Amino acid sequence: MTFPTTSNPVPDIKNDLPWHHLTVTQTLESLGTDEDRGLSEAEIRRRQEVFGPNELKEMGGRSPLVILWEQFTNIMLVMLIAVAIVSAVLDLKKGDFPKDAIAIFTIVILNGILGYLQESRAEQALAALKKLSSPKVRVIRNGTTFEVDAKELVPGDIALLEAGVQIAADGRLLEAQNLQIREAALTGEAEAVIKQAGATLPEDASLGDRVNLVYQGTEVVQGRGKVAITKTGMDTEIGKIAAMLQSVETEPTPLQQRMSQLGNVLVMSSLGLVALVVLGGVIRSGWQYFEELLEVSLSMAVAVVPEGLPAVVTVTLAIGTQRMVRRQALIRKLPAVETLGSVTTICSDKTGTLTQNKMVVQKVNTADRSIAVTGEGYAPIGEFDGAPESDPELQGVLTACVLCNDALLQEKSGEWVILGDPTEGALLTLAGKGGLYREALDPKSPRMGEFPFSSERKRMSVICENNEALELGDAPYLMFTKGSPELILERCSRVRIGADNQPLTGEQRGRILAKNDEMAGNGLRVLGFAYKPLMEIPPAETEDSEEQGLTWLGLVGMLDAPRKEVKGAVARCREAGIRPIMITGDHQLTARAIAAELGIADAGDRAVTGRELEKMSQEDLENEVDDVSVYARVSPEHKLRIVQALQKRGKFVAMTGDGVNDAPALKQADIGIAMGITGTDVSKEASDMILLDDNFATIVAATEEGRVVYSNIRRFIKYILGSNIGEVLTIAAAPLLGLGGVPLSPLQILWMNLVTDGLPALALAMEPAEPNVMKRPPFSPRESIFARGLGWYMIRIGVVFAILTIILMEWAYFHTEAVQGGDLVRERWKTMVFTTLCLAQMGHALAVRSHTQLTVQMNPFSNPYILGAVILTTILQLMLIYVPHLRNFFGTHILSGQELLVCVGFSALMFLWIELEKLFIRWFLTKK
Ligand code: ATP
C-alpha cells in the first residue's frame, strides 16, 4: 500500500472504474489512499480543486419560469387583468387615454414580479436552511479521525459509517460489521441490504447486487463500516439520476391554502356583486347608465381583492423562520412555523434534551465492592474511593468500558473532548482514571466482531482477541457486553468475584438489582457490564444465542444533570397549556427522578415501561395517555404508538427523536423534531424542525415564536380585510346616495390596497410577542382564520369605516359643490374620500396592535416599524395630492387646509372608535 505524498502524485482517478470488481487493495491503490491514515492535507486540497465540492446541484425545485407563471395564474390577478381589459375598452370608447387599465396592468405585473421574488427568495432560504442541516461525516485524514462537512469529501477519503448515518458519497467498503443499508432512495427497495467488504463481484453485477459498495443518499440501518470514497457530488449514482433528487420542500402552508380559498371566495363574491349592481341598475334605470354602473362595479371588484395580502403572508412566514433560527430551531418544513403555535403536548427524550448529555461516572458497583469515583467532565483525572485501582473486579469493569466502546477520548488544546456517544465517552474517562486507555488496549486485543447497539436491544457486544494481561482467563477470544442492567443480568449465569468466576445465585441477583434501583432512584444513568470467554468468533446475526451465559462484571452509574434552563421551560409549558411528556430508553427510576426534578411529573407519579406498553392494547393506551407523563425503557416503535394514542385523544403532538428508528414516530407527530447535534441524518430527514442545540427549552421557544407568527397573521388580516370591506361599501353607496360618479378609481384603490394597507401590514408582521402569549392555552390548528371573533371584527370595522366615509362623502360632495362649483373643483370630494380612507387606516394600524391595550399604553418603540410605516405612508399619500405629476397620474385634486383637516378629523374618529371598543371589552371582561 502506498501513502501518497506531494512528491508521489496520485494516479489520476477515473470515475468509471468498476469498483465492485476490484479488491480492497486494488481499490486503495487506484485511489492512492491508505486505509489507516487516509489522505494528507495537501492531497485533500488538491483533490478538492480537481473534483469540486461534494454537492448535488438542486434540480428538484420549481424553475424560475414556473414560479413566475404561477404568479399570473392566481385567480385574483386573473380577475384584475379582466378588469383592466374592460376598463381599457370603456376608456377607448370615450376617447380617453386608458390610464387605469395601464396602471392595473403595471400593478399586476409588479405584483407578479414581487410575488416571484418573494417566492424564489423563500425557496432559496429553504435551500440554505437545508444546507445548514447538511450532515457531517467521520473521516480518517492524515492518521487522525475527525468530523468534516459532507461537502468537503473527496475521492480517496476514508469514511466511517455507523447506524443512523446517511451516506454522503459513493464508496467501496473496506470493512463491514453487521452493516445493513437501506437503499430505497436509489433502488426503491425498502428492505435493508446486508453489505460485505470482502466480496469481489463480476463486472456486470447490477446496482442492487453490489454488496461491497455504498451509495450516496442511502441510510445505514445497522452496524458499522469503513469505506474508501470513490465518487462525489454529481458523479455519484444518485447525482446521475436527477429526477430522484430531493427537491426543496415547497408545500403550501395551511395558511397559504386558506388564503387561496379566501381568494376564491372574494373573487366569486365580487363577481356576484358586479352582476348584482349592473343588473339592478339596468332594471331600475334602463341601459343608459350601463357604462357608469360598469365603472362602479369595476372599482368594487378591485376594492374587494386584498392585493397585498399574499406577499405579506410570505414575508411573515420567512421572518418567523429567521426568528426561530436565532433561537436555535431550524425549520425544515414551512407549515411548522405557524402550526408550532398550536402544539398541546411535547413528547421529549430525556438524554441530551432534558439533560445535558455530559456524563460523569460517579459510582461503580461490582460483586464485592461499592466504589465512588471523583473528578469532573471528561478529563481522566480522579480517584476511586472504595477499592484500589488494581482490584481485579474493578479492572474487569474498566477493561469492558474501553473495549466495548466506539467513542474516542482526545485531548485538544488542553481540554478533554470526546468524539461519539457521551455515554461511551464517560466510560473512557472512567477507565482513564484507572490508567486504561484504548490506544494501549486496542492493539493488544483487536476487535474481531460485534453485535452493535440499538435502542431496541438496549445493549451491545464486541468480540476481541484475548490477551493475558487482561487476566480474564485463557480463551482465545472474549466477548464484552454492556447495556441496560436488568437485560444484561437476565443473560448472566456467573459472576466475577475477586479474580474468580462463580455461579450467580438468586440472592446475588437480588442484590445487584437492588443496587441498580438505588442508583437509578438517585437519578443516575446505570449501565451493566458482563463478559464471556469464546473459543471462536461467532458468525453475524447470532447475537441472541451468543449473548447468553454471560459473567457479570458490575454496574456503572453516571450523572447526567438536567439542563439548567429546562425546569423554567417546563413551567412555561404548563402556563401555556402545553403538557410535557418524557419518553426515554432509560430505567424508570432514573426517568422518574429526573422528571420529578424538572416538574414533568410528581415524585410518586407512575412511569409506564416499555414492557407494560407491550401488554397494553392500543385502546388501553388511549385511555391511559392523559394521565401518564413518564414512559421508560421504551423502544422507538412504542413512541409511534404513544403519538398515535395522543392524537386519537385530540392532542396536537410535537415529538423529539434522534435514532434511525424514530423516523416513523417523527413523521406521525404533528411536529417531528430531530436533534441537531446527536441526531442521525435519517431522523433529521424525517423531521419538520431541527433543534440546533438539542435543547428542550428551544422547543418551547419555537412554540412561542409560532404563536407570535399566527397572531401577527391574524392581526394583519383583520387590518387589511376590514379596510377592503369599508372601500366596497363606500363605492356602492355613492350611486345609491345619488352622488354623480365613482368615488374611487381602480388606480386609487390599487394604491390603497398595495401601499397604504400593505406597508403597515408588513410592519404589523414584525410585532413582538404580546406579554400573555405563553399564558393562554393553545388554539386549534384546524380553527378557521375567522375564528374567535375575527370575522365579526372585520365586518364591524368595515361597516364603521364605511359609515364614517359615507358621512364624509356626503358632506364633501355638497360642500365642494356649494362652495366652489365647477366641474373640476367638484371632483375634490373624491379626493377627500380617498384621503380619509387612507388616513383612517393609519389610525387602525396603530390601534390594531392590541385588542385590549389602549394605544397610549403601548410602547410605540416596541415595534418602531409601525410608526415608520404610518409616517412614510402618510407622506406618500400627501405627495399624491400635492405633487403635480403624481396628482395628474392618480387623478387627485389639491385639497385646501380646511378640507385636509376635515379628512384627518374623520380618520381620527376611526381610531377613537377602536379605542372605545377596547375600553368596552375591558369593562365587559371585568364584569364577567
Ligand atoms: P433517551 O431515549 O431519553 O434519549 P436513552 O439514551 O437512555 O434515553 P436509548 O439511546 O434508546 O435511550 O438507550 C436505551 C438504553 O440502552 C439506555 O438507557 C442504556 O441502558 C442503554 N445504552 C445506551 N447507550 C448504550 C451504549 N452505547 N451501549 C450499550 N448500552 C447503551
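**The ligand site and a hairpin**

A backbone N or O atom of Asp586 lies 3.3 Å from an oxygen atom of the ligand, a polar contact being a pair of N or O atoms within 3.5 Å. The model is predicted, and local features need pLDDT of at least 70, side-chain atom pairs count only at pLDDT 80 or more, and totals for chains, interfaces and linings use all residues. Residues are numbered from 1 along each chain as its sequence is written, and side-chain values use heavy atoms, with hydrogens and water left out.

Two side chains also reach the ligand with polar atoms. That of Glu424 is 2.9 Å from a ligand nitrogen atom, and that of Thr584 is 2.9 Å from a ligand oxygen atom. Of the 590 Å² of accessible area that the ligand has on its own, the protein covers 91% (Shrake-Rupley method, 1.4 Å probe). Strand 17 (477-483) and strand 20 (525-534) are the elements that give two or more residues to the shell around the ligand; strands here are DSSP runs of E with at least two residues, numbered from the N terminus.

In total, 18 residues surround the ligand, and the closest are Lys350, Thr351, Ser455, Arg525 and Thr584. A residue counts as near the ligand if one of its heavy atoms lies within 4 Å of it. By class, this shell has 9 charged, 6 polar and 3 nonpolar residues; Asp, Glu, Lys and Arg count as charged, and Gly is among the polar ones.

Now to the hairpin. Strand 1 (residues 136-141) and strand 2 (residues 144-149) run antiparallel and are joined by 6 bridges, where pairing requires at least two bridges found by DSSP. Val137 has Val148 of strand 2 as its bridge partner. The hairpin has 2 residues between its strands, and Asn142 in the turn has a positive phi of about 55°.

How values were computed. Helix = DSSP H or I, 4+ residues; strand = E, 2+ residues; numbered from the N terminus. Polar contact = N/O pair within 3.5 Å; in protein donor to acceptor, adjacent residues only side chain to side chain.
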